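I opened this model to see how its chains pack. My notes follow in the order I looked things up.

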Amino acid sequence: MGNGTILIADDDPRTAEMFGLMLRANGIDNEVVVARDGVEALDYLFGTDDHAGSDASFMPRFMLLDLSMPRMGGLEVLRRLREDERTKLLPVVVLTSSTVPQDIVEAYRAGANGYVDKLSDVPWPELVPLIARYWLDTNVSAQGNHPPA
Amino acid sequence: MVFPRRTALNDGPYQYNLLLNSYRIRSNSLDRKSDLDNFILVAEGDPDDRALIRRAISDANVTADAITVGDGKEALDYLFARGDYAGRDGGVQPRLVLLDLALPGMGGLEVLRRLREDERTRLLRVVVICSSDQARDVDAAYRAGANSYVYKPTDSARFVNAVQLAVRYWLTINLPPPEGGMGRPGRGETFRGLWFRPPLMHRRKFHRTAVLVRVIALFLAYQLRTRN
């Protein structure tokens with residue numbers, strides 16, 4: 001596909017680094033934007049603070065969200081995204097190392113589209129292309145594929 | 001006085017692990033016939049597409065079976081275990097629902113809304129399948145609560161590929177909500193920690209067997225006692 005940005009919100013820099021590396025290794029050259037915490041992710045999406053002046057109508061194709069981040073956690077980010085009309089329909093996949101049932105239920109209730117375990121049995125070289133191919137090629141995003149005219 | 005022998009099932013952790021292991025080995029074999037609680041519900045109006053999706057799922061290398069329904073009312077009846085499906089165990093929900101938007105009778109959007117209104121199916125993972133990729137339809141599906149939206153291209157080979165990728169993604173790496181037995185993760189597919197490994201005794205089939213064994217043992221003990 002090649003078009004569409006992937007937003008990764010994770011305080012651990014290795015996640016985004018590895019994710020980008022695996023994408024390139026599989027010939028997926030989509031742009032990867034990294035936010036180090038929840039506040040930064042919201043700033044990027046709504047074009048506020050550090051990202052003031054950027055085009056806020058531009059949305060990533062999908063977003064990978066960690067649950068435990070400094071300043072603002074993933075669940076709170078998710079709730080704020082779902083409250084705002086601009087990001088209400090943005091596909092958000094929670095990518096975290098927690099497999100506590102309560103976290104999973106909370107994430108789905110808050111409006112997550114998917115929930116992937118970082119430390120899943122599936123090794124990362126298989127995990128990453130499967131996530132990317134699914135959410136980039138197979139899934140049709142409400143926004144991003146169809147930017148508002 | 002004769003006491004019933006302890007059965008293998010409550011014979012301590014060693015037996016338990018032994019059983020769990022044999023169970024895991026069996027569940028990993030791909031030719032295994034899947035159980036009734038390991039399935040994908042396919043709600044698709046068009047019989048040709050239904051067959052196509054069925055084939056795609058059986059070729060997707062996952063252990064789940066496809067159960068197909070032809071219209072919206074049937075899909076709801078199935079999920080809520082009522083109408084023609086009143087005899088079904090309503091606590092067992094599919095691990096994934098593939099929902100066509102263009103269902104005859106009650107449309108896919110209406111089905112989706114009703115699923116999201118009900119606590120039993122609120123978190124069920126629903127992937128909408130539709131032959132339109134118009135922004136209007138996509139938005140409406142997400143608004144109604146779809147987890148994902150898959151475009152159904154006219155080229156059937158591409159469609160089969162899309163379904164296979166979707167099934168592989170949702171069943172092997174995406175974790176389901178663990179609530180009340182809803183969409184349990186596959187056996188030997190996504191288990192890692194203890195959180196997701198269902199205790200053996202909670203498995204309906206094993207539980208039933210264990211109870212049966214106990215009843216027979218008690219009966220025999222009682223028989224022998226009264227005979228003496």
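**Core first.** I started with the largest nonpolar core, which has 48 residues. The residues with the most contacts inside this core come from both chains: Leu64(A), Ile131(A) and Tyr134(A), then Ile40(B), Ile57(B), Leu98(B) and Tyr169(B). I note that the model is predicted. Next I asked which element gives the most to this core. H6(B) does, with 11 residues. In soluble globular proteins, nonpolar side chains tend to be buried together.

**One residue up close.** I picked Tyr169(B) and listed what it touches, leaving out residues up to four places away in sequence. In chain A, I found Val93(A), Val116(A), Leu130(A), Ile131(A), Tyr134(A) and Trp135(A). In chain B, I found Asn174(B). Two of these partners, Ile131(A) and Tyr134(A), I had already met among the residues with the most contacts in the core.

**A second core.** Apart from the largest core lies another, of 31 residues. I noted Leu67(A), Met69(A), Leu81(A) and Ala107(A) among them.

**The interface.** How many residues of each chain are in contact with the other? I got 37 from chain B and 33 from chain A. The size of an interface is often given as the accessible area lost when the parts come together. Here I read a buried area of about 3000 Å². Carbon and sulfur atoms give 61% of that area.

**Polar terms.** The rule finds two salt bridges across the interface of chain B and chain A. I looked up one of them: Glu85(A) with Arg143(B), where the closest N and O atoms are 2.8 Å apart. I also listed polar contacts across the interface and got 15 residue pairs, with both residues at pLDDT 80 or more.

**The chain B side.** Three elements of chain B each give two or more residues to the side that touches chain A. They are helix H5 (135–144), strand E5 (148–151) and helix H6 (156–173). The largest share, eight residues, comes from H6(B). H6(B) is also the element that gives the most to the largest core. I then sorted the side of chain B that touches chain A by class: 22 nonpolar, five polar and 10 charged residues.

**Chain A on its own.** I counted five helices and five strands in chain A. Along the sequence they follow the pattern β-α-β-α-β-α-β-α-β-α. Buried residues make up 56% of its 149 residues. Last, I checked contacts in chain A between residues at least 6 apart in sequence. Of these, 64% join residues at least 24 apart.

Key
Residues are numbered from 1 along each chain as its sequence is written. Chains are lettered from A and ligands numbered from 1 in the order in which they are written. This is a predicted model: local features need pLDDT of at least 70, side-chain atom pairs count only at pLDDT 80 or more; totals for chains, interfaces and linings use all residues. Side-chain values use heavy atoms; hydrogens and water are left out. Contact means heavy atoms within 4.5 Å. Buried area is the accessible area (1.4 Å probe) that two parts lose on being put together, summed over both. A salt bridge is a side-chain nitrogen of Lys or Arg within 4 Å of a carboxyl oxygen of Asp or Glu. A polar contact is a pair of N or O atoms within 3.5 Å; within protein, one must be able to donate a hydrogen and the other to accept it, and residues adjacent in sequence count only if both atoms are side-chain atoms. Helices (H or I, at least four residues) and strands (E, at least two) are DSSP runs, numbered from the N terminus. Ala, Val, Leu, Ile, Met, Phe, Trp, Tyr, Cys and Pro count as nonpolar, Asp, Glu, Lys and Arg as charged, and the others, Gly among them, as polar. A nonpolar core is a set of buried Ala, Val, Leu, Ile, Met, Phe, Trp, Tyr and Cys residues joined through side-chain atoms within 4.5 Å. Buried means under 20% relative accessible area, exposed over 50%, partly exposed in between (1.4 Å probe, protein chains only).
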